[in-house]
Amino acid sequence: MSACAIPLSRPVPIAEIPIALRLQVVSAAGAGFPSPAQDWEETAIDLVELLRLDRAASFVFRVSGQSMIDAGIHDDDVVVVDRDATPTSGRIVIAVVDSGFVIRQIVWRDGKPLLEARNARMRYEPVVADESVEVWGVVRACVRNLQG
C-alpha cells in the first residue's frame, strides 16, 4: 500500500522543546479595502499561546508531498497536530500507514473510516482506517513559509 509515507521517527511533544517566541503586532491587515483610520497596534502575539504549542499533546510535522493541496496544505508546510483530539469525519489527520506518517482527510463511508487525499490532479487510493492503521492525531493548524 503506497501512501507516500514519511519514515516513522519518534515524535517529540512541542511542550518538551524550549521556545519563547513573541511577535509584535503592527496592525490588522485587511483582506479587503484598507482602513485609513487603522492605528498601529502595540500588543504582542505569543505564537506558543496562539497555536497552543505548550500542550503535552501538541506535535509539529513538516508535510512532504502534494496529496493535500486541495485542502490548502502544501509540500513543506508545517502542521500542528493534537494527539488527544477526536478524529471526526471531515477532519485532517496524521495517521500511521505502512510504518510511516501520512496526512489525509478522514471520512466515513458506509460505516467505515477512510483516509483520503485531497489533490484532484493526482490519483491516490483511499486507505481504509482499519486495525492496521493508527489515526495518530488531528491537524489543528497549518503554517506556510511564503518566501520559500
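**Notes on a predicted, mostly-strand chain pattern**

1. Reading from one end of the sequence to the other, you'll meet the pattern β-β-β-α-β-β-β-β-β-β-β. That comes to one helix and 10 strands for the protein chain. Keep in mind as you look around that this is a predicted model.

2. Some overall numbers to get your bearings. The chain has 148 residues, and 34% of them count as buried. Its accessible surface comes to about 9,600 Å², with 54% of that belonging to carbon and sulfur atoms. Among contacts with a separation of 6 or more, 57% link residues 24 or more positions apart.

3. Which residues have the most contacts inside the largest nonpolar core? They are Phe61, Val79, Ile94, Ile103 and Trp136, in a core of 14 residues. The elements that supply two or more residues to this core are S4 (58-62), S5 (78-82), S6 (92-97), S7 (100-109) and S10 (134-143). S6 gives the most, with three residues.

4. Isoleucine 94 is a good spot to click on. Setting aside its neighbours within four places in sequence, Ile94 is in contact with Phe61, Val79, Val81, Phe101, Val102, Ile103, Glu134, Val135, Trp136, Gly137 and Val139. There's also a second, separate core, this one of 10 residues, and its members include Val93, Val102, Ala129 and Val133.

5. Now try valine 143, which sits in strand S10. Is Val143 buried, partly exposed or exposed? Its relative accessible area is 39%, so Val143 is partly exposed, since buried would need a value under 20% and exposed one over 50%. Leaving out neighbours within four places in sequence, Val143 is in contact with Leu51, Asp77 and Val78. The Asp77 pairing joins distant parts of the sequence: Val143 and Asp77 are 66 residues apart along the chain, while their C-alpha atoms are 5.8 Å apart in space.

6. Two aspartates deserve a look for their backbone angles. Asp76, in the loop between S4 and S5, has a phi near 80 degrees, a positive value in a residue other than glycine. Asp76 counts as partly exposed, at 46% relative accessibility.

7. The other is Asp98. Where does Asp98 lie? You'll find Asp98 in the loop between S6 and S7. Its phi is positive too, about 50 degrees, although Asp98 is not a glycine. With a relative accessible area of 45%, Asp98 is partly exposed.

Definitions and conventions: Residues numbered from 1 in each chain as written. Predicted model: local features only at pLDDT ≥ 70, side-chain atom pairs only at ≥ 80, totals over all residues. Heavy atoms only, no water. Helix = DSSP H or I, 4+ residues; strand = E, 2+ residues; numbered from the N terminus. Buried < 20%, exposed > 50% of the residue type's maximum accessible area, 1.4 Å probe, protein only. Contact = heavy atoms within 4.5 Å. Areas by Shrake-Rupley, 256 points an atom, 1.4 Å probe, with all protein chains shown as cover. Core = buried A, V, L, I, M, F, W, Y, C linked by side-chain atoms within 4.5 Å.
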